[in-house]
Every structure is written in C-alpha cells, then in structure tokens.
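The following turns go through the salt bridges, the confidence and the core of one model. Each answer closes on the value or name asked for.

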Amino acid sequence: MDSNQQEAWLLENGGGIDQNQKGSNMNMKHHGRTAHNMSSSSLRKKSDLALVVSRVPWEFLRNLLAILQEVFLGTKLSVLFPAIPLAIAAHSYGFGRTWIFGLSLLGLIPLAERVSFLTEQIAYYTGPTVGGLLNATCGNATELIIAILALSQNKIQVVKYSLLGSIFSNLLLVLGTSLVCGGLANLRKEQKYDRRQADVNSLMLVLALLCHLLPLLFRHSSASPGAMDQILTLSRASSIVMLLAYIVYVFFQLITHRQLFESQEDSEDDGDGTAESEEAVLGFWSGFILLVLMTLVIALLSEYVVNTIEAASNSWGLSVSFLSIILLPIVGNAAEHAGAIIFAFKNKLDITLGVALGSATQISMFAVPLCVIVAWIMGIRMDLDFNLLETGSLALAILVVAFALQDGTSHYMKGLILLLSYVVIGACFYVLNSPLTNEGGNGKQI
C-alpha cells in the first residue's frame, strides 16, 4: 500500500492533512497522553496484512478492511476476540451458564484495551483536553457498565463488591506486581518517581475513604428508627461532594498541573534515544462509531456476566464476593495492568503509578458516587455503607499504599508487601460466603 492509499484510509474522515497539521496533531497527542493511554499502547502491535489489504480492488472495501485490521489485529490480545461470538452463541443456544460467564470474561479483556485505543485515536482530533476527559470517563468503562447493569437488576452487593475489588486490584495487585517486577529488573538502578502525583491521588483516596467511613460509623453509633434513611441521605450528599471533587481533580490533572501527570512522557523512547512518534490510524467518525459499537458489546457481555455470576459461584464453589472482588476487576483491567507492569520493567514508575493510582482514584471518586446517584434516579436505595469488613480492608489498603509511596523511591520489597496484602484480603473474601439478600424488599441489600 503506497503512502497516498495509506493516508486515504487512515485519515478518511480527516481529509488530506499537511505535514504541519500532522505535527500539530502529534504535539497534541504527546501532551495529551495519560498513563492509561501509554499503558495500553504497550500491548499494541503492527499487523502484517497490509499487503493483502492493498490488493482488494474496491477502495471502500479496502478502507473498511484496513480499519478492521487495525482495530482487531492491532493488539496482542487479539487471540481473545473469538471469545465474544462464542459467548453470544453460548447464550443463544442455552449452553451452561458457567460457560457464558467464563467466555464473557475472556471477551471483555481485549474490548477494554480497544476502548482505550479508540479514545486515544479520537483525542487526535479533539485535542488533549477533550481526549483527557474521554479517558477520565472511559478509563474504567467495563467496571462501570457492569456496575450499572447489576444495579438495574437490584444486585447492589455485586455493585459494591465489584467496585471495591477494582480499587483493591489497582492499589495492591497491579502496583504491587509492578514494583516487584520493576525492582527485580532494575536491581542495580535507583528507582525514583514523582511523589507529587502520588500525593494527590492518595489525598483523593483518603477523601473517598472518609465518605465511606461516615455512613458506617453512623450506622453503628445511631439507634434511631430512621437511621437507614439518614445514612442514605448522607451517602447521596457525600456522593455529590465526591463527584464535584473528581471534576476539580480532572481540571487539576488536565489544565493547571498537567506536568505532574506527564513527568516521564518526554523521556519515552524506542531504545535508541529517539522519541516515539505516533500518528492517528483512524478517522474521527470511524473511531467514534467503533467506540460506540464496542461499548454496546461490552454492555452485552457485562449483562451476561451479571446474569450468570451466581450460577458460576455455585458451580465453581466460589463465593459471589470472591468472584466480584477478585476475578471481575482483574479481567476488566487486564490490559492496562499488563501495561503498568511493562513500564515498571522499563523503570518508568511515574507511568505505573499513574495507571494504578489513577484508576483507583477514578473508581473511588467517580464510579462509586455515580452509581449512588444513578441508583437514586432509579429509585434504588444504594448507599456508601460497604459494611465493616469491606470498609476496614479499604482503609488498610490505602494506609499500606500511602506508607509505601511516601519517600519517592521504590524497590521490590515494597511491591512484595503490597502483593501479599492483596493475597491476604483475597483469602479473606475467599472464605467469606455470605448470601446476597434483600432487606424488606426496599432495594437495600445486606
């Protein structure tokens, strides 16, 4: 495929752009990339079917095949895409519910990575600020869709468990594994990172913890008959505060203090001292349409997961709490988790911290309060009281991470402590096997 043909299908919606405009787009891209984007990009690969595509005689079909090739074969996770039609077929033909659950989880892994890729492509045309806002809302789209679908079915405990598990996964599993791998791979190097980014995210997590603690403490300290209504009111007010704080955090991250969250991006190179340069491979409208379609597929598979999680729990002998807290978050964030570990191997801990802490902050300060507000709109009584065991585990996880990151340096022992903390919490929810029940049919689950 010659250069003219390549530009025709790569930028079919952007028209013929000149070199200055390309440079402008690259500049926007460079300064607009977040840790999530950079993490996911580490799993991308070049497809070798360009020659075959270029031989297709019809231009429209050639462009379409080139776009599909880039989207579906441009990731190292492409081998998992067949799980998507298999999951749909298993559901359509009435296969075992555990098969539907397992295939849906596998299908969600590449979709989560491709959503990050598509938001990055759209950012070429919208600029870094809008692209950053897209990433701030779509960075954990899989977990958020699963949570809202579970909420629509009144499975409030599954919602709480899955969101809480995502925070645990990012803070302890991802960060712990990354620091262990990075420490062992760089034993002879001093590992440093910018503490300022970690401090901002830690403060946001502490605020989220406060908003979870107060309803719990209120429930244990109040004996009034209307305590549950008061807890619900407090949770909704706290959720509004959390969402406002997250909006300010996004403004802080993208506008006023962007340099804190891009501290290692300028130093990224391809190994020979030259900085990486990337160009858009999709047009705006093709990227937008594919993003919408993939979000719909994620919603479909997420519905399968929510509908079959209890059947999988009974079949596999694992509690719903364990599947929701441990398994679902690992699947939903597998792509960016792998990317975080890869950058830790390269001793680029600022990117690793941006992925782990950024995702934990996004879940705790955006996804959780958003679910409370959505439940309020739907007439469902979801609050921020995650019960004593769950809230206590969250507090200890945030405390351990805050202590580990306080000095701006890292080694494998810190990562090992975080990883072992995750193992202990996972073991706790493995032995916990409390059934999901409704209280008085009012939508409040205990």
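Helices are DSSP runs of H or I with at least four residues, numbered from the N terminus. The model discussed here is predicted.

Q: How far apart in helix α11 are D199 and R195?
A: D199 and R195 form a salt bridge, with the closest N and O atoms 3.9 Å apart; the cut-off for such a pair is 4 Å. Both residues belong to helix α11, residues 195-221, and about one helical turn separates them. In sequence the spacing is 4 residues.

Q: Are D199 and R195 buried, partly exposed or exposed?
A: Buried requires a relative accessible area under 20%, and exposed requires over 50%. D199 has 33%, and R195 has 37%. D199 is therefore partly exposed, and R195 also counts as partly exposed.

Q: Which residue forms a salt bridge with R381, and how many residues apart in sequence are the parts that the pair ties together?
A: The side chain of R381 meets that of D229 in a salt bridge, at 2.7 Å from N to O. R381 sits in the loop between α16 (349-378) and α17 (387-404), whereas D229 is in helix α12 (residues 227-256), so the pair ties together parts that are 152 residues apart in sequence. R381 is partly exposed at 21% relative accessible area, and D229 is partly exposed at 44%. The partner is D229, and the separation is 152 residues.

Q: In the salt bridge of K414 with D407, which residue is buried?
A: The closest N and O atoms of K414 and D407 are 2.5 Å apart. D407 has a relative accessible area of 41% and is partly exposed. The other value is 13%, under the 20% limit for buried, and it belongs to K414.

Q: What is the mean pLDDT of the protein chain, and where is the pLDDT below 50?
A: The mean pLDDT is 78, and 75% of the residues reach 70 or more. One stretch below 50 has 52 contacts beyond near neighbours in sequence, and it covers residues 1-32. Another stretch below 50 has 25 such contacts, and it covers residues 437-446.

Q: Which helix gives the largest share of the largest nonpolar core?
A: In soluble globular proteins, nonpolar side chains tend to be buried together. The largest core here has 104 residues, of which F168, L171 and L175 touch the most other members. Beyond four places away in sequence, F168 touches residues including I325, L394 and F429. The largest share of the core, 15 residues, comes from α16.

How values were computed:
Residues are numbered from 1 along each chain as its sequence is written. This is a predicted model: local features need pLDDT of at least 70, side-chain atom pairs count only at pLDDT 80 or more; totals for chains, interfaces and linings use all residues. Side-chain values use heavy atoms; hydrogens and water are left out. Helices (H or I, at least four residues) and strands (E, at least two) are DSSP runs, numbered from the N terminus. Buried means under 20% relative accessible area, exposed over 50%, partly exposed in between (1.4 Å probe, protein chains only). pLDDT is the predictor's confidence in each residue, from 0 to 100. Contact means heavy atoms within 4.5 Å. A nonpolar core is a set of buried Ala, Val, Leu, Ile, Met, Phe, Trp, Tyr and Cys residues joined through side-chain atoms within 4.5 Å.
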